[in-house]
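Below are some remarks for a colleague who has the coordinates open. They are set out as numbered points, beginning with a question.

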Amino acid sequence: MRPHPRIAGFLGRALSHEFLAVQQYLVQSRLCGLWGWQDWAASFAKESREELEHAGLLSDHLLRIGIAPSAGTLRPSRPGRDLREMLEQDMAIEWSAVELYAEALDFSRRVRDEGVAQLFAHLLADEQGHLKHLQETINSLGGAEHGQ
Ligand SMILES: [Fe+2]
Ligand SMILES: [Fe+2]
């Protein structure tokens with residue numbers, strides 16, 4: 001079944017968003033590594049892998065419906081200059097993911113595309129989890145600039 005053109009649009013935006021998140025978390029992980037914060041480097045690397053898995057799930061769906069996955073041109077990542085700024089930049093990215101997936105899920109249900117609705121619901125739940133985790137991490141920082 002050919003997807004609704006707007007569904008193809010949501011999938012393309014989502015793939016681009018996921019690669020942006022992969023890039024941002026990867027750069028943050030490498031920066032923390034350079035600064036000697038190995039625990040934070042590992043934590044950001046784990047986030048990057050989770051976003052890569054999301055890009056993989058979206059790619060699977062695109063391939064199944066006959067569309068070649070392409071993330072297009074990514075906007076520059078904003079890693080932040082210290083740990084708090086990094087986490088705040090990540091909150092901004094996760095918020096935009098939640099908004100995107102909530103809109104995509106609502107639309108896919110309206111056009112009764114159950115397969116893609118399941119995918120968007122899964123991704124929405126994951127991004128809401130990321131947002132919650134980030135909020136808790138920021139709260140736990142207190143006045144400290146980094147938690148090593
Ligand atoms: Fe994601
Ligand atoms: Fe995320």
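1. Are Glu51 and Glu127 buried or exposed? In this predicted model, Glu51 is buried, and Glu127 is buried as well. The cut-off behind that word is a relative accessible area under 20%, and the two residues are taken up again below as ligands of a metal.

2. The iron ion (ligand 2) has as its donors Glu51 (OE), Glu94 (OE), Glu94 (OE), Glu127 (OE) and His130 (ND1), with distances of 2.0 to 2.4 Å. Read along the sequence, the donor residues of the iron ion (ligand 2) follow the spacing E-x42-E-x32-E-x2-H. Glu51 belongs to helix α2 (residues 38–64) whereas Glu127 belongs to helix α4 (residues 114–141), so that the pair ties together parts lying 76 residues apart in sequence.

3. A second metal has to be considered together with this site: the iron ion (ligand 1) and the iron ion (ligand 2) are 3.7 Å apart, and Glu51 coordinates both of them.

4. Turning to charged pairs, the count of salt bridges comes to five, and one of them joins Glu103 to Arg6, with 3.5 Å between the closest N and O atoms. Because Glu103 lies in helix α3 (residues 83–110) and Arg6 in helix α1 (residues 5–34), this pair ties together parts that are 97 residues apart in sequence. Glu103 counts as partly exposed at 38% relative accessibility, and Arg6 likewise counts as partly exposed, at 40%.

5. Within helix α2, Glu50 and Lys46 are four residues apart, which is about one turn of the helix, and their side chains meet in a salt bridge at 3.2 Å, N to O. Glu50 has a relative accessible area of 28% and is therefore partly exposed, while Lys46, at 44% relative accessibility, also counts as partly exposed.

6. Helix α4 holds a pair with the spacing of four residues, about one turn of the helix, namely Glu136 and Lys132, whose side chains form a salt bridge at 3.2 Å, N to O. How exposed is Lys132 in relative accessibility? Lys132 stands at 55% and so counts as exposed, the cut-off for that class being over 50%, whereas Glu136, with a relative accessible area of 44%, is partly exposed.

Notes. Residues are numbered from 1 along each chain as its sequence is written. Chains are lettered from A and ligands numbered from 1 in the order in which they are written. This is a predicted model: local features need pLDDT of at least 70, side-chain atom pairs count only at pLDDT 80 or more; totals for chains, interfaces and linings use all residues. Side-chain values use heavy atoms; hydrogens and water are left out. Donors are N, O and S atoms within 2.8 Å of the metal (3.2 Å for Na, K and Ca); water is not among the atoms, so sites may look incomplete. Helices (H or I, at least four residues) and strands (E, at least two) are DSSP runs, numbered from the N terminus. Buried means under 20% relative accessible area, exposed over 50%, partly exposed in between (1.4 Å probe, protein chains only). A salt bridge is a side-chain nitrogen of Lys or Arg within 4 Å of a carboxyl oxygen of Asp or Glu.
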